[in-house]
Amino acid sequence: MTTVIGMHEQYALVPPLEFVSAMTDHWTQTLRMPSSSPLRSLWQKMGNVFERTIIDNISECDARWKVLQPPTGSGKTQGACLYSAMQAKRNRDALGNLKPEGVLLVTRLIKQADDLAAQVNVMAGANVAVAHHSKSETDADDIGRYDVLVVTHQAFVNAAETLAGASWSRLVQWKGGHRLLTIVDEALANVVEENKVTLESLQFVLGCVPFDVAQAFPDQVRLVEALKDALVQQAQSDTNDGTAKLMWRDGGASEVLNAAPAAMKPLREAMRKVKYDRRIREGNTKRNIAKLVEDTLASVQALADRWAYYTRIGKDHSLNSSTLTVSYAVPGAVVLDATASQNFLWELFQGRAQIEPVCAGARNYRNVTLHVARAKGVGKTTMEKTFAARYARLLEALEAQLGSDRSVFVCVHKDYEHSAERFKHPFKRVGFGHWGAVDGRNDWKDYDTAVLFGLPYRDLIWPTNVFFALQGVQDDVWLKTPTWKGYTNVRRLMQQRQMSVEIIQAINRIRCRKVVDEDGGCDPADVFIVLPADSMGDAILTDIKADMPDIEVVPWSFEMDGPKVRRPREGSSHQPLLTLMRNTEPGESVPLSTIQRELALKPAGLSKLREVLRNDTHATSKALVELGVKYVSGRGPGAKSFLVKQQVA
């Protein structure tokens, strides 16, 4: 049996203590931050886990994923890049012969992939790393020349759905052999694919299918009709208690629906050729209709192929299904998850993932003050009609408490980010982000204040889908009383823990992420948040204090609702417009009437915006083009002008 020493020689492994020494030099000399004994212990743990993962993948003795929780600001991303660079330099002997080791780095965003590849190359002093994504110029067949490959979470998930495909082979094979170390920066946010059809969407799609198409694909149309009929039956028998019901397990759709199995791809292709009349749905365009039809038919296929359960959220009757997108056969990876202790995903993975203990004391947050107000109605739905009024009150309260010489990061719901940008902010600098798109980002690392306004609630469909995807389909008893491992309501716990994860990630976007002393402290920072006035709010606060030791929590007397406050708006609507379209899904279009409402434009403001959109040389028009957005000017009586975001190829 090959010893670890022998493996070091054969596979050119990086000795953990050598990694600690290099990381200490990089931390203190390049980044100019103070080191400490707890930090060095943490880096040694990282080096040990990286080494052990490579050995396990060589010997195929342990395929479990290893989950490390280096706290934010302790060098997890820097360490991943440095270790990759050190490994690349060790891959070549004195004669230039290659050893078989290679590294796959997985990060959230395209820009982060580019930045990580560039950083690895600087650290290695050679062109050993490359980023590969939809916007890169790297040939898919050429990436095997590089020791280190950097891809996005989505690209990794897409390739890992099947280990037999060419996409996976291109990721894990290179000219030196196999990439024996995969490092995932932050927890994968898309390991579960969810599918949903509603009664409304099925009825709408059936109304869009032309007679000749229905005649050509009777089995496919019959399957859609059968799903609709099943939903109608459940809706009529619903006792208004919102109880979910398992409809069928894997392979049982045809029997329950009394409909023959049918491949939906031919019908989807036929419907892509249909020229939709804009009058089918008021206020929408044919592109939006085509996207709804395509998405619904794809979900019909998923539900018919897998399992499905019925549920009702408000007036929305739906059938739902889900699946794990990453095969359990994927060789063990190292996941660097700063919020692993709160991320319930790892508990659901059970024996397939192992959370590695790390030493305490690497960070402290005694210079961070968390200002906490409590209220009801802090979710997206309640905010829909009250956001502008509440946000005006928020700005008044912050101005009185902070003054003007502050840098403020504001995190809100995606649907309201552009609305927040329309207000005139009384601060030296202000930056905006939205839930689901801030994790791991460094855009606001020098800001001294974070404001989290409106929380990212998820309905009960999400935890049910995640639980079923990772633990298998449960029965009606579980759907009514979701107990697991002593948890009396595991769905609610999953909702709460996921919210804690997102909140802790958002807080750590500002300068509290940067270590400034040997105790792991940071410069003074303020965080303002309105938590729900219930037990979930209590649990979230407990999680924040657990993940951010020594943080000072103080009450905040802010009240979201009360007398109306008038706040001035920014003169230009251009940046909010760019944000609105950046947050629009590819393939969707937005009528100018909707833009006028969303940006609170008066007729004169809308007229000026039309002039800008007609001017291809204007900076805003150019920025829209870079986002893949096209302006379509309505022609003829009743025709509407709109902006459409191009579908990603």
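# Briefing: a predicted 649-residue chain

Of the 649 residues in the protein chain, 54% are buried. Please keep in mind as you read that this is a predicted model. The chain holds 25 helices and 22 strands, and two separate nonpolar cores are described below, one of 58 residues and a second of 50 residues.

**Overall dimensions and surface**

- The radius of gyration of the protein chain is 26 Å, which agrees with the value near 26 Å for a compact globule of 649 residues.
- Taken along the principal axes, the C-alpha atoms fit a box of roughly 75 × 65 × 60 Å.
- Among contacts with a separation of 6 or more, 77% join residues that are 24 or more positions apart.
- The accessible surface comes to about 29000 Å², and carbon and sulfur atoms account for 49% of that area.
- The chain carries 80 positive and 75 negative charges, and the mean positions of these two sets lie 5 Å apart.

**The nonpolar cores**

- The largest nonpolar core has 58 residues, and the members that touch the most others are Leu-370, Tyr-391, Phe-453, Ile-503, Ile-507, Val-530 and Ile-544.
- Both helices and strands feed this core: α16 (387-402), α20 and α21 (535-547), along with β14 (368-375), β15 (407-412), β17 (449-452) and β18 (525-532), each supply at least two residues.
- Helix α16 gives the largest share of this core, with seven residues.
- A second, separate core of 50 residues includes Val-130, Val-151, Leu-345 and Val-466.
- If you would like one residue to click on in the largest core, try Phe-453, which is among the members that touch the most others.
- Leaving aside residues up to four places away in sequence, Phe-453 touches Met-383, Phe-387, Arg-390, Tyr-391, Leu-394, Cys-411, Val-412, His-413, Val-530, Phe-558 and Met-560.

**Two backbone angles worth a look**

- Most residues other than glycine have a negative phi.
- Arg-32 is not a glycine, yet its phi is positive, at about 55 degrees.
- Arg-32 sits in the loop between α2 (16-30) and α3 (37-59), and it counts as exposed because its relative accessible area is 70%, above the 50% cut-off.
- Lys-485 also has a positive phi without being a glycine, with a value near 50 degrees.
- The loop between α19 (476-480) and α20 (490-507) is where Lys-485 is found, and Lys-485 is exposed, with 57% relative accessibility.

**Two lysines in helices**

- Lys-111 belongs to helix α5 (residues 110-124), and its relative accessible area of 58% makes it exposed.
- From C-alpha to C-alpha, Lys-111 and Thr-296 are 31 Å apart in space, with their positions 185 residues apart in sequence.
- Lys-380 belongs to helix α15 (residues 380-383), and it is partly exposed, with a relative accessible area of 39%, a value that falls between the 20% and 50% cut-offs.
- Lys-380 and Arg-458 are 78 residues apart in sequence, while their C-alpha atoms are 9.6 Å apart in space.
- Not counting residues up to four places away in sequence, Lys-380 touches His-413, Asp-415, Tyr-416 and Leu-455.
- His-413 is a contact of Lys-380 and also a contact of Phe-453, so you can view both residues around it.

Definitions and conventions. Residues numbered from 1 in each chain as written. Predicted model: local features only at pLDDT ≥ 70, side-chain atom pairs only at ≥ 80, totals over all residues. Heavy atoms only, no water. Helix = DSSP H or I, 4+ residues; strand = E, 2+ residues; numbered from the N terminus. Buried < 20%, exposed > 50% of the residue type's maximum accessible area, 1.4 Å probe, protein only. Core = buried A, V, L, I, M, F, W, Y, C linked by side-chain atoms within 4.5 Å. Contact = heavy atoms within 4.5 Å. Rg over C-alpha atoms; globule rule 2.2 N^0.38 Å. Areas by Shrake-Rupley, 256 points an atom, 1.4 Å probe, with all protein chains shown as cover. Lys, Arg positive; Asp, Glu negative; His and termini not counted. Charge placed at Lys NZ, Arg CZ, Asp CG, Glu CD.
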